Amino acid sequence: MGVVVVPCGEAVESGEWAASGLTERWPLPEMKGNCQVVNHGVSHQLMVETQNVWREFFRLTVEEKQKYANSPETYEGYGSRVGVVKGAKLDWSDYFFLNYLPVSSRDENKWPSQPSTCREFVAKYNEEVVKLCGKLMKIFSINLGLQEDCLENAVGGDQIKASLRVNFYPKCPQPDLALGLSPHSDPGTLTILLADDHVSGLQVRKNDNWVTIKPIPNAFIVNLGDQLEVLSNGKYKSVEHRVIVNSSKERGSLAFFYVPRGDIVIEPIKQLITEDKPAQYQPMTYKEYRMFVRMKGLHGKSHVESLKLHA
């Protein structure tokens with residue numbers, strides 16, 4: 001069997017879900033926002049060991065972690081936003097960000113050397129998750145009635161960009177006053193999230209409510225990004241999500257971002273534009289869009305909504 005795709009939300013919680021392999025079509029109305037994938041080909045042992053080495057890293061002393069401190073110019077490395085005031089809420093997370101693709105952007109010397117196995121597991125993990133991204137892009141292309149390599153080529157083909165952000169959410173004494181991550185949609189194409197399956201924290205907006213996602217053991221959560229919404233001319237929708245914190249338990253997650261090459265113009269795929277449904281989004285390079293998001297900050301789905309050409 002190929003990759004199995006499971007819709008997130010109430011369908012998962014009730015057990016009423018269907019599966020999709022590489023040769024099967026996924027019902028488009030249900031593929032709006034995010035899903036979970038099992039039978040994905042990534043070793044469960046590798047997933048657990050990679051999570052464990054990152055937990056060990058975040059439990060190091062502040063002085064040890066600061067050896068990998070990032071800078072505003074590169075963003076790559078360790079950072080902390082525990083207690084940072086953002087609007088009416090406090091941010092409450094530590095993180096580590098690293099580049100993986102293209103290879104020219106990768107600098108393993110910036111990856112933690114403690115624990116001693118961290119670099120080894122991160123390299124293996126990233127390699128396997130890239131393969132999963134390629135499989136999913138094929139599924140999403142076929143779902144749209146396109147050639148299986150259409151979406152992958154539209155975002156850069158073998159020159160795609162990818163990065164990993166590892167998040168650590170400490171126990172928070174007043175969780176009602178803080179958020180691990182403010183509401184937003186991801187600006188890229190896909191985000192592959194490995195979350196703790198024993199502590200829930202990810203919430204997605206469904207209509208006017210926030211729904212907590214319950215991770216399936218050994219599964220990845222897949223968030224559809226703004227670029228996939230644009231390329232599909234709105235047939236796929238990026239998901240607005242946030243992260244809540246916990247007063248009694250710490251939580252970690254690994255978010256792998258699969259994004260377009262910066263200079264490629266992202267616009268609706270021509271085969272998906274018809275007289276009945278013309279192009280719904282204005283074209284923009286990913287680099288331009290990313291800068292736009294950074295200037296405006298995290299704010300729900302307002303950024304991708306601003307690209308719409310038709311009300």
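So, which residue in β14 does V204 stand opposite? V204 faces H241 there. Hold that thought while I set the scene.

What we have is a predicted model, where local features need pLDDT of at least 70, side-chain atom pairs count only at pLDDT 80 or more, and totals for chains, interfaces and linings use all residues. Residues are numbered from 1 along each chain as its sequence is written, and side-chain values use heavy atoms, with hydrogens and water left out.

Okay, the sheet. Helices and strands here are DSSP runs numbered from the N terminus: H or I over at least four residues for a helix, E over at least two for a strand. Two strands pair if DSSP finds at least two bridges between them. Strand β11, residues 202–206, and strand β14, residues 241–243, pair in the antiparallel sense over three bridges. They belong to an open sheet of four strands, ordered β9-β14-β11-β12, with antiparallel pairing. β9 (181–184) and β12 (209–212) have a single partner strand each, so they stand at the edges, with one side left without a neighbour in the sheet. From one strand to the next, the twist averages 25 degrees.

Next up, two helices. Packed helices get described by the angle between their axes and the distance between the axes. The axes are lines fitted to C-alpha atoms, for helices over the stretch in contact, and angles run from 0 to 180 degrees between N-to-C directions. For α2 and α4 (residues 118–143), the angle is about 135 degrees and the axes lie 9 Å apart. That makes the pair oblique, since under 35 degrees is roughly parallel, over 145 roughly antiparallel, 65 to 115 roughly perpendicular, and the rest oblique.

α2 turns up again when we look for holes. A cavity is a set of points on a 1 Å grid, over the protein atoms alone, where a 1.4 Å probe fits but cannot get out; lining residues have an atom within 4 Å of a point. There are three cavities of 30 Å³ or more, and the largest has a volume of about 60 Å³, meaning the space filled by probe spheres set on the points, which are joined across faces, edges and corners. Its lining includes W54, F58, D196 and L254. α2 (44–58), β7 (161–169) and β15 (251–259) are the elements giving two or more residues, and α2 has the largest share, four residues.

Last, some backbone oddities. Most peptide bonds are trans, and most residues other than glycine have a negative phi. Yet a cis peptide bond joins L101 and P102, with omega about 0 degrees, and another cis bond, also with omega about 0 degrees, links Q114 to P115. P102 lies in the loop between β6 (94–101) and α4, and P115 is placed between β6 and α4 too. Then there's N39, not a glycine, with a positive phi of about 55 degrees; look for N39 in the loop between β2 (34–38) and α2.

Technical notes
1 Å grid on protein atoms, 1.4 Å probe; cavity = no way out; pocket = protein on both sides within 12 Å on 5 of 7 lines; lining within 4 Å.
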